[in-house]
Every structure is written in C-alpha cells, then in structure tokens.
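Visitor: Please show me the structure. Then I will ask how each label is earned.

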Amino acid sequence: MSMNRRSVVKAIAAGGALVGASVLMPRIAMAAWTTKAFEAEDQATAMNELLGGAAEESAEVTLKAPDIAENGAVVPVTVRSSMAGVESMSIFVENNPNPLVAEFMIPAGTDADVSTRLRMGKTSKVTAVVKANGKLYSASKEVKVTIGGCGG
Amino acid sequence: MAKGILKVKAKASGDKTKVKLMAKHIMESGQRKDKKTGELIPAKFLQELKVMHGGKEVFAANLGTAVSKNPYFAFNFAGGAKGDELTMTWVENSGATSTETAKVK
C-alpha cells in the first residue's frame with residue numbers, strides 16, 4: 001500500500017503534474033485565463049481545454065447573430081439561456097485561427113444574457129456553449145462574412 | 001496603456017441593473033502584418049475583465065483575440081440602485097492592469 005502510494009505521488013510529481021494541472025485548472029480556477037484554450041487552433045480542443053468536454057445542442061440556449069455580417073471585424077452576438085444555474089457562457093467561431101472568442105462568467109444574480117461583438121475571419125459557424133449545473137449545452141448558427149476581420 | 005479606457009453605462013431599472021460597457025482598446029490580434037515591414041504586429045489585447053458591485057462579482061470575462069476592437073459587453077444583474085458604484089478591473093496580455101469605477105444611474 002505504502003509503496004503504491006509512493007509511486008503514485010512520484011508519477012504525479014513528474015510527468016503527471018502537467019496533465020493534472022490542465023485537467024483540473026478550469027474547474028478550480030474558473031476565472032483564470034486559460035492559455036491552452038485560447039490558443040487552441042481547432043474548436044474541439046479549445047472546448048475541451050476550457051470546459052472539459054463537448055456540449056450537446058439545446059433549445060434552451062439562444063444565440064443571436066446576423067445571417068450575413070458585412071464586416072467581419074464587428075459581428076454583434078447575443079447569448080441567452082433560459083436555464084437555471086448557468087455558470088458560464090462561451091463563444092466559439094469555428095473557422096477563426098483561434099476558435100475560442102470569449103468566456104463569460106455568470107455569477108448568481110446575473111442574467112444569462114450577454115451581448116458582445118466579435119471578429120470573424122471568414123464565413124463560419126458560431127457556437128455558444130452554456131455551462132449550467134456542471135453540464136454543457138450549445139447552440140450554433142452559420143454567419144456569412146463578406147469582409148473578413150482578420151488580416152486587414 | 002492610458003488610464004480610463006472603459007466607458008460604462010449602468011442604469012438601474014426595477015430590481016435589475018443594466019450595464020453596457022465599452023473598452024477603448026485596439027485588441028490587436030497578432031495576425032495582422034505591418035504594411036511597411038511585413039512583420040506581424042504583436043498581439044495586444046484585453047484578457048480579463050471583472051465587474052464588482054458592492055464587493056460582489058457580477059460579471060467576469062476571459063477574452064481572446066477574436067473579440068472586436070473596442071470590445072463591447074452588455075449584461076444585467078439583480079440588485080443595484082442609483083448612485084451605487086461599480087468597480088471594473090481589466091488585465092491586458094502585456095500584464096498591464098487597471099481598476100476603474102462608474103456610478104449606476
């Protein structure tokens with residue numbers, strides 16, 4: 001038993017520390033800026049790093065975004081949810097160089113209704129992920145971009 | 001960064017306070033090239049934003065480079081009355097940080 005424990009401790013101290021940190025970080029330090037998630041280059045990785053899993057589509061998440069964005073540099077987006085116990089809301093743009101746009105923390109007492117403006121490089125699916133009661137729910141919408149917001 | 005980059009409109013209505021917040025910031029994405037030298041302009045953007053009301057956090061955001069220039073956020077929170085003070089703290093990726101205040105109208 002004692003040997004077993006020692007080896008476990010050792011493993012964590014060595015290579016496991018990195019894995020452990022990346023798995024536990026988003027949960028322990030909700031408000032910390034997660035470099036891995038923001039610098040991830042595909043949406044699935046970003047979502048995993050930030051929220052620790054994939055989300056399921058839900059009708060209780062509303063994503064309001066234009067069908068056609070004339071200017072990709074400024075795309076107004078509103079995320080809303082009728083669910084109770086919303087902890088955070090995140091926005092992803094699939095075809096951007098770094099899909100994760102922003103994560104909003106919703107403390108108790110604050111409405112799950114946030115508007116912002118984001119940049120889109122090209123036509124892409126925009127996904128809003130709502131974390132409520134420890135589970136992930138999403139809504140997506142395709143937004144056509146006529147002039148990209150990246151590059152310039 | 002110059003101080004006072006946030007423009008805040010907070011209005012108490014009923015039992016809620018509606019907040020509209022705009023930061024004057026270039027949000028340089030790190031993807032653009034300098035037209036003269038052809039080199040990438042280093043990223044410079046706001047990473048974190050936190051809004052406090054009466055010692056309680058009412059809104060917090062972690063931002064990436066895909067947030068538009070002069071970022072805008074709108075949200076509502078329960079409570080808050082005319083004359084209350086909101087405290088906003090932001091952190092830039094350069095490490096620069098500042099705290100600003102605004103009154104609820």
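What follows is a set of questions about labels, each answered with a value and a rule.

Visitor: What kind of model is this, and how are its parts numbered?
Guide: It is a predicted model, where local features need pLDDT of at least 70, side-chain atom pairs count only at pLDDT 80 or more, and totals for chains, interfaces and linings use all residues. Residues are numbered from 1 along each chain as its sequence is written, chains are lettered from A and ligands numbered from 1 in the order in which they are written, and side-chain values use heavy atoms, with hydrogens and water left out.

Visitor: How do you know that chain A and chain B are in contact?
Guide: Contact means heavy atoms within 4.5 Å. By that rule, 29 residues of chain A are in contact with 32 residues of chain B.

Visitor: What is the area that chain A and chain B bury between them?
Guide: About 2400 Å², with 47% of it on carbon and sulfur atoms. Buried area is the accessible area (1.4 Å probe) that two parts lose on being put together, summed over both. On the side of chain A, A:Trp33, A:Arg117 and A:Arg119 supply 29% of what that chain buries against chain B, more than any other three residues.

Visitor: Why is the pair B:Lys16 and A:Asp111 called a salt bridge?
Guide: The term asks for a side-chain nitrogen of Lys or Arg within 4 Å of a carboxyl oxygen of Asp or Glu. The closest N and O atoms of B:Lys16 and A:Asp111 are 3.0 Å apart, so the pair qualifies. Across this interface the rule finds one salt bridge.

Visitor: Which elements of chain A give two or more residues to the side that touches chain B?
Guide: Strand E6 (100-105) and strand E7 (113-118) of chain A. Strands (E, at least two residues) and helices (H or I, at least four) are DSSP runs, numbered from the N terminus.

Visitor: What is the make-up by class of that side of chain A?
Guide: It has 17 nonpolar, seven polar and five charged residues. Here Ala, Val, Leu, Ile, Met, Phe, Trp, Tyr, Cys and Pro count as nonpolar, Asp, Glu, Lys and Arg as charged, and the others, Gly among them, as polar.

Visitor: What makes E7(A) and strand E5 of chain B a pair?
Guide: Pairing takes at least two bridges found by DSSP between two strands. Two bridges join E7(A) to E5(B) (residues 72-78), so they pair, and they run antiparallel. In this pairing A:Ser115 stands opposite B:Ala74.

Visitor: Which strands pair with E5(A)?
Guide: E8(A), over seven bridges in the antiparallel sense. E6(A) also pairs with E5(A), over five bridges and again antiparallel. A:Ser88 faces partners in both: A:Lys131 in E8(A) and A:Met105 in E6(A). E5(A) and E6(A) form a hairpin with six residues between them.

Visitor: Why is B:Met27 called buried?
Guide: Buried means under 20% relative accessible area, exposed over 50%, and partly exposed in between (1.4 Å probe, protein chains only). B:Met27 is at 0%, so it counts as buried. This residue is in the loop between strand E2 (16-23) and strand E3 (46-53) of chain B.

Visitor: Why is A:Val74 called partly exposed?
Guide: Its relative accessibility is 36%, so it falls between the two cut-offs. A:Val74 lies in the loop between strand E3 (68-69) and strand E4 (75-81) of chain A. Not counting residues up to four places away in sequence, A:Val74 touches A:Arg117, A:Leu118 and B:Ser68. The C-alpha atoms of A:Val74 and A:Leu118 are separated by 5.5 Å, although the residues are 44 apart along the chain.

Visitor: Is A:Asn133 buried or exposed?
Guide: Exposed, because its relative accessible area is 59%, past the upper cut-off. A:Asn133 sits in the loop between strand E8 (124-132) and strand E9 (135-145) of chain A.

Visitor: What phi do A:Asn133 and B:Met27 have?
Guide: A:Asn133 has a positive phi of about 50° although it is not a glycine. B:Met27 likewise has a positive phi of about 50° and is not a glycine. Most residues other than glycine have a negative phi.
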